[in-house]
Amino acid sequence: METEFKFMEEFKKVIEASKNIPKEDLLFTYNGVIYPTSICDVDTFKTMETFEAREDDLMMVAYPKCGSNWTSSLLHRLLRAAYNKESSSIFPLLEFKAPNKFEKLKVEPSPRFLGTHLKYDNIPQSFFDKKVKMMVVFRNPKDTAVSLFHFCNNNPVLPTYNSWDEFFPDFMAGKVVFGSYFDHAVAWNKHLDDDTILLTIFEDMKEDLEGTIKKISEFYGISITEEQQKQIAEQGTFKSMKENSGKTHGDYGKIIFRKGEVGDWKNYFSQAQSQEMDAKFDECLAGTKFGEKLKYNVYCKW
């Protein structure tokens, strides 16, 4: 049985505990950003500020529902292929709370795979001081919004919405878990020319997964054969991951892996909502390198 994420046993306990938390207490705000109470807390954030990164850490940064679980799985496969190494982390994301988490990370052999949904400014300073290589994962904002809407409604650790029309204004205002999509994107756009940053786009992975895996392995300096690269691509498609999610993620797999399609937003957005997001994109990202790589006009226009 595959064990991409060893935190699932602990996470089952979190899900069960969340069922007893009143809806109004499911979220909390820290430094102006909303987080889920059941998996994040202030103590973890404060401890994380002094976390010591290593130069050979493999860091993945992703706004929620942009493909973080998919890319995490690919990185785990790359680590197994190149180093025969499994991650010993209980929770793969830095901000997720877990007993003795940071003590365990201190003694984990290199290279460590780490991840986060945090905004650029909230990532521990040591990652920048050590020039840790970071793969930054994004998806077109319209499909991201729809995926996050369903994630909220299917995930017991998050408050639910009565309708898409109720959720949309919160997404546009950044009043959702881990903050504004556009704030994240604008911050990373300023650093796309850094040698330590690789922007990976969900839609590009769907179009050419093997080519994306090659870019990722070369970026991190992970040496694998062409055969291994091809095998990881064949076994690591979104469709394959969804089919195997019961083994890798238990019941939570149904929540994480929904459709993974490009263009599903057209089933939810009204013309007015589409135009509102187009205007927001133009305001924040039009003419930028980030906007060009995201291919907004290809994936987000009627």
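Two strands are said to pair if DSSP finds at least two bridges between them, and strands here are DSSP runs of E with at least two residues, while helices are runs of H or I with at least four, both numbered from the N terminus. The structure is a predicted model, in which local features need pLDDT of at least 70 and side-chain atom pairs count only at pLDDT 80 or more, whereas totals for chains, interfaces and linings use all residues. Residues are numbered from 1 along each chain as its sequence is written, and side-chain values use heavy atoms, with hydrogens and water left out.

Strand β3 (residues 58-62) pairs with β4 in the parallel sense over 4 bridges, and M60 stands opposite G115 in β4. In a regular strand the side chains alternate between the two faces of the sheet. In strand β4 (residues 113-116), F113 and G115 point one way and L114 and T116 the other, and all are buried, where buried means under 20% relative accessible area, exposed over 50% and partly exposed in between, with a 1.4 Å probe and protein chains only.

The loop between α4 (101-107) and β4 holds P111, which is joined to S110 by a cis peptide bond with omega of about -5°. Two residues other than glycine have a positive phi, as the table shows.

| Residue | Phi | Loop | Relative accessibility |
|---|---|---|---|
| K65 | about 70° | between β3 and α3 (68-83) | 12%, buried |
| K131 | near 55° | between α5 (125-129) and β5 (133-138) | 61%, exposed |

K65 counts as buried because its relative accessibility is 12%, whereas K131 counts as exposed because its relative accessibility is 61%.
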